[in-house]
Amino acid sequence: PPTAIQPAGDAATTTLMRESTTLEARRIRPPVKRLRAYQFVATGVVLLLVALTATVTLLHLRNQAELRAIASAENLARSMDQTMAGLIGQIDVALQASADDIQHEKLLSRDPTRLITERLNKQGKRLEILRSLRGTDAAGLVVYAAENGGPPVNLSDRDFFRMLRENPGRGLVINKPVLGRM
């Protein structure tokens, strides 16, 4: 039998519509909750990947910075070594030339002290790194120096003097730092 259409304002229809809406909402809610959970997990995974990538990148950059620092330190050390070797070589040549001048002046002059001192001063001015050049006699007394006056200075107790007195052909001797007497 056909059913009559009930008016829109009927209470039974309204109740059916409410129940229908509630059922549809219940069917929709679980997938929405699941979707939100997936979004939360996906966001966490993305953040974890970003943090991992940042950590790996920072470790790589730190390693690269350490390698560059090591290379720079090695280059600086090599440069300083070459510079010091060059300076020591220049000083050695100046000392050898001065020793030759002293021998030459002793042979040619009766009183070579003034001429030898002038030559040592000239040689010292050519190498700005040198504060001064001095020469001693066989006893260790400084006899050739720009600093005239004052009491005589004896260097016979210094290690470099003893080494060169025992072995005059030894060449350049570099001594540990000592407090100067002049």
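With a relative accessible area of 36%, E66 counts as partly exposed, a class that lies between buried (under 20% relative accessible area) and exposed (over 50%), as evaluated with a 1.4 Å probe on protein chains only. E66 forms a salt bridge with R62, their closest N and O atoms being 3.5 Å apart, where a salt bridge denotes a side-chain nitrogen of Lys or Arg within 4 Å of a carboxyl oxygen of Asp or Glu. R62 itself is exposed, at 54%, and because the two residues are 4 apart in helix α1, about one helical turn separates them. The model is predicted, so that local features require a pLDDT of at least 70 and side-chain atom pairs count only at pLDDT 80 or more, whereas totals for chains, interfaces and linings use all residues. Residues are numbered from 1 along each chain as its sequence is written, and side-chain values use heavy atoms, with hydrogens and water left out.

The protein contains 3 helices and 2 strands, arranged along the sequence as α-α-β-β-α; helices (H or I, at least four residues) and strands (E, at least two) are DSSP runs, numbered from the N terminus. The mean pLDDT, the predictor's confidence in each residue on a scale from 0 to 100, is 82, and 80% of the residues reach 70 or more. Of the 182 residues, 13% count as buried. The exposed surface amounts to about 14,800 Å², of which carbon and sulfur atoms supply 61%, with accessible areas taken from the Shrake-Rupley method with a 1.4 Å probe and, for residues, only the protein chains shown counting as cover.

The structure holds 5 salt bridges. One of them joins R119 to E105, with the closest N and O atoms 3.2 Å apart; since R119 lies in helix α2 and E105 in helix α1, this pair ties together parts that are 14 residues apart in sequence. E105 is buried at 7% relative accessibility, while R119 is partly exposed at 36%, and both belong to a salt-bridge network that also includes D101. In helix α3, the side chains of R162 and D159 meet in a salt bridge at 3.5 Å, N to O.

The largest nonpolar core comprises 9 residues, namely I91, A94, I102, I116, L120, L127, L130, L133 and Y144; such a core is a set of buried Ala, Val, Leu, Ile, Met, Phe, Trp, Tyr and Cys residues joined through side-chain atoms within 4.5 Å. Helices α1 (11–108) and α2 (113–126) each supply at least two residues of this core, and the largest share, 3 residues, comes from α1. Beyond residues up to four places away in sequence, A94 touches Q123 and L127, contact meaning heavy atoms within 4.5 Å. T117, placed in helix α2, is buried at 11% relative accessibility and, with residues up to four places away again not counted, touches V143, Y144, A145 and A146.

G140 is found in the loop between β1 (135–136) and β2 (142–144), where it is buried at 0% relative accessibility. Apart from residues up to four places away in sequence, the contacts of G140 are V153, N154, L155, S156 and F161. G140 and D157, although 17 residues apart in sequence, have a C-alpha to C-alpha distance of 8.1 Å.
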